[in-house]
Amino acid sequence: MVRPLRSSGAPRGSVAGRLGSGLLVLSLLGAVGLVLGTSGAAPAHAASACSGRLVKKLTFSTGSLRIYESRAYACAVTVAKKPGARRAMRVSLQPRGGGAAVDSGNFTKLAGPVTVHALNRCVRASGSVAGVSASTGWILC
């Protein structure tokens, strides 16, 4: 009786057999990464934690409110001007006709991200750091 060889041609359990299997797995993972690629959207600022493109930035004395748009979603964060000590921070994002997504608490760097479905919908956002705030009217209409 003739037994077929393994795909690597090495006996079962040998170092060469395990190495061949590992290389096969790595090459398959690499191929999957090439096929999937990236989303094609412009990368968001690293500190923001939102994907998509920055569409609005409101700056105030203690920080900034940043709103991003990505396909059918809008995302917002409030970023402290000087990260460090914990202080009261808040971010809110509301689609027209829907409830607001809110993140508030004592943070060192940013509040959020908060994301809402905003396909063909206007949104409004507000953010505050240490009691100083900024807000938009209806945008992305």
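Visitor: Which residue stands opposite Gly63 in strand 3?
Guide: In this predicted model, strand 2 covers residues 63-70 and pairs with strand 3 in the antiparallel sense, over 8 bridges. Gly63 belongs to this pairing, and the residue opposite Gly63 in strand 3 is Ala80.

Visitor: Which residue in the turn between strand 2 and strand 3 has a positive phi?
Guide: Strand 2 and strand 3 form a hairpin, with 2 residues between them. A positive phi of about 50° is found in the turn, at Arg71.

Visitor: With which strand does strand 3 pair over 6 bridges?
Guide: Strand 3 has an antiparallel pairing over 8 bridges with strand 2. A further antiparallel pairing runs over 6 bridges, and in it Ala76 stands opposite Val114. Val114 lies in strand 6, and the partner over 6 bridges is strand 6.

Visitor: How many of the 8 residues of strand 3 are buried?
Guide: Residues count as buried when their relative accessible area is under 20%. Cys75, at 6% relative accessibility, meets that cut-off. Strand 3 is largely enclosed by the rest of the structure, because the number of its 8 residues that are buried is 7.

Visitor: How many disulfides does a search of the whole structure find?
Guide: One disulfide is formed by Cys50 and Cys75, with their sulfur atoms 1.8 Å apart. Another joins Cys122 to Cys141, at 2.0 Å from S to S. Counting bonded cysteines along the chain, the pattern is 1-2, 3-4. The search of the whole structure gives a total of 2.

Visitor: How many residues apart are Cys50 and Cys75, and which parts of the chain do they link?
Guide: The sulfur atoms of Cys50 and Cys75 are 1.8 Å apart. The pair links distant parts of the chain: Cys50 is in the loop between helix 1 (15-36) and strand 1 (53-60), and Cys75 is in strand 3 (residues 73-80). Along the chain, the two are apart by 25 residues.

Visitor: Is the link of Cys50 and Cys75 left-handed or right-handed?
Guide: The handedness is given with the angle about the S-S bond, which is -65° for Cys50 and Cys75. Their link is left-handed.

Visitor: Is Cys141 buried or exposed?
Guide: Cys141 is joined to Cys122 by a disulfide. Cys122 is in the loop between strand 6 (110-117) and strand 7 (123-129), while Cys141 is in the segment after strand 8 (132-135). Cys122 counts as buried at 10% relative accessibility. The relative accessible area of Cys141 is 68%, and a residue over 50% counts as exposed, so Cys141 is exposed.

Visitor: Which residue lies over the face of Trp138?
Guide: A search of the whole structure finds 0 aromatic pairs. Trp138 does have a residue over the face of its ring, at 4.5 Å from the ring centre. That residue is Arg96.

Visitor: What is the relative accessible area of Ser92?
Guide: Ser92 lies in strand 4 (residues 87-95). Leaving out residues up to four places away in sequence, Ser92 touches Ala100, Ala101, Val102, Arg124, Ala125 and Ser126. Ser92 is buried, because its relative accessible area is 10%.

Visitor: Which residue in strand 8 stands opposite Ser126?
Guide: Ser126 is one of the residues that Ser92 touches. Strand 7 and strand 8 pair in the antiparallel sense over 4 bridges. They form a hairpin with 2 residues between them, and Ala130 in the turn has a positive phi of about 55°. Opposite Ser126, in strand 8, stands Ser135.

Visitor: What distance separates the C-alpha atoms of Ala101 and Thr115?
Guide: Ala101 is in strand 5 (residues 101-107) and is buried, with a relative accessible area of 19%. Its contacts beyond four places in sequence are Val91, Ser92, Leu93, Val114, Thr115 and Val116. Ala101 and Thr115 are 14 residues apart along the chain, and their C-alpha atoms are separated by 6.9 Å.

Visitor: How many strands are there in the chain?
Guide: From the N terminus on, the elements run α-β-β-β-β-β-β-β-β. The chain has 1 helix, and the number of strands is 8.

Visitor: What share of the 141 residues of the chain counts as buried?
Guide: The chain exposes about 8,900 Å², of which carbon and sulfur atoms supply 58%. Of the 141 residues, the share that counts as buried is 31%.

Technical notes
Residues are numbered from 1 along each chain as its sequence is written. This is a predicted model: local features need pLDDT of at least 70, side-chain atom pairs count only at pLDDT 80 or more; totals for chains, interfaces and linings use all residues. Side-chain values use heavy atoms; hydrogens and water are left out. A disulfide is a pair of cysteine sulfur atoms within 2.5 Å. Buried means under 20% relative accessible area, exposed over 50%, partly exposed in between (1.4 Å probe, protein chains only). Rings of Phe, Tyr and Trp (its six-membered ring) pair if their centres lie within 6.5 Å; planes under 30 degrees apart count as stacked, over 60 as edge-to-face and the rest as tilted. A charge sits over a ring if NZ of Lys or CZ of Arg is within 6 Å of the ring centre and within 35 degrees of the ring normal. Two strands pair if DSSP finds at least two bridges between them. Accessible areas come from the Shrake-Rupley method with a 1.4 Å probe; for residues, only the protein chains shown count as cover. Contact means heavy atoms within 4.5 Å.
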